[in-house]
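Visitor: I am new to this structure and would like a close look at a single part of it. Could you choose one place, show me what surrounds it, and then tell me how that place fits into the rest?

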Amino acid sequence: MKLTTSKCSKEKKDSSWIIQRFGDNIGYDRLDFMKRDDSVSGRRIYINAYTAISNDLCTGDKMYLDTEFGRYEYTVAGIYQHLLLGNTYSYISVLLDDESFAELSEAQQRSGGTPIRVAYINADKCEDIDKSMQQVLNSLQKQCRSVCGGIFGKAL
């Protein structure tokens, strides 16, 4: 994927972006918005603080994503921080409004691509967390084509 913005036409390449649908609440306890503009219309993108700072972006700025499925123009509608287990957690991620997410997902499927699915499991009520997590991983490995071999957890 290549990124350009209304402030910088120099292409930045990155294939490790995680694109999620706004409101799915996957992978974070909550989002803290530093800036948000609900009046933005059209294709809306919400970016994390890292992406905003490293690209000098504010709400209302344009982002252009060149993907293998085509070129897409978005307006920055919000800048957020992930909060995961009470800690700030930012990676190269973006959130798209429902229609934009559906549009990109459909383009990916038309081209034969498959989405990456991520599962987060709250196992704080288990008597043996390690055993329970291994059972979940074993079950996923039986049902899915590929599963990350690692289990990451944090004791609360």
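Guide: We will start with the whole chain, stop at one acidic residue, and then walk outward from there.

A word on the ground rules: this is a predicted model, in which local features need pLDDT of at least 70 and side-chain atom pairs count only at pLDDT 80 or more, while totals for chains, interfaces and linings use all residues. Residues are numbered from 1 along each chain as its sequence is written, and side-chain values use heavy atoms, leaving out hydrogens and water.

The protein has 3 helices and 9 strands; these are DSSP runs numbered from the N terminus, with helices (H or I) of at least four residues and strands (E) of at least two. Followed along the sequence, they give the pattern β-β-β-β-β-α-β-β-β-β-α-α. The protein has 156 residues, and 31% of them count as buried. Here buried means under 20% relative accessible area, exposed means over 50%, and partly exposed is what falls in between (1.4 Å probe, protein chains only).

The place I have chosen is Asp97, in the loop between S9 and H2. Asp97 is buried yet has no salt bridge, a salt bridge being a side-chain nitrogen of Lys or Arg within 4 Å of a carboxyl oxygen of Asp or Glu. For Asp97, the nearest side chain of opposite charge is Arg44, 4.1 Å away. In this count Lys and Arg are positive and Asp and Glu negative, with His and the chain ends not counted.

What does the side chain of Asp97 reach, then? One partner is the backbone nitrogen of Arg44, at 2.7 Å. Another is the backbone nitrogen of Glu99, at 3.2 Å. Both are polar contacts, meaning pairs of N or O atoms within 3.5 Å; within protein, one atom must be able to donate a hydrogen and the other to accept it, and residues adjacent in sequence count only if both atoms are side-chain atoms. Leaving aside residues up to four places away in sequence, Asp97 touches Gly42, Arg43, Arg44 and Tyr46, where a contact means heavy atoms within 4.5 Å.

One of those neighbors, Arg43, does have a charged partner: Arg43 forms a salt bridge with Glu103, their closest N and O atoms being 2.8 Å apart. This pair links distant parts of the chain, since Arg43 sits in the loop between strand S4 (30–36) and S5 while Glu103 belongs to helix H2, 60 residues apart. Arg43 is partly exposed, with a relative accessible area of 29%, and Glu103 is also partly exposed, at 29%.

The structure holds 5 salt bridges, so let us visit two others. Lys62 and Glu73 meet through their side chains at 3.6 Å, N to O. Because Lys62 lies in strand S6 and Glu73 in strand S7, that pair ties together parts that are 11 residues apart in sequence. Lys62 is partly exposed at 26%, and Glu73 counts as partly exposed at 37%. Arg71 and Asp66 form a salt bridge at 2.9 Å, N to O; Arg71 is partly exposed at 48%, whereas Asp66 is buried at 18%.

Now for the nonpolar side of the picture. In the largest nonpolar core, of 17 residues, Ile45, Ile47, Met63 and Tyr74 touch the most other members. Strands S5 (44–48), S6 (62–67), S7 (70–84) and S9 (93–96), together with helix H2 (98–110), each supply at least two residues of this core. S7 gives the most, with 4 residues. Apart from this core lies another, of 6 residues, among them Leu31, Ala77, Tyr80 and Leu95. A nonpolar core is a set of buried Ala, Val, Leu, Ile, Met, Phe, Trp, Tyr and Cys residues joined through side-chain atoms within 4.5 Å.

Met63 touches residues from several parts of the sequence, including Leu3, Trp17, Ile45, Leu57 and Val76. Across the protein, residues 24 or more positions apart account for 65% of the contacts with a separation of 6 or more.

To come back to where we began: Asp97 is buried without a salt bridge, and its side chain reaches the backbone nitrogen of Arg44 and that of Glu99.
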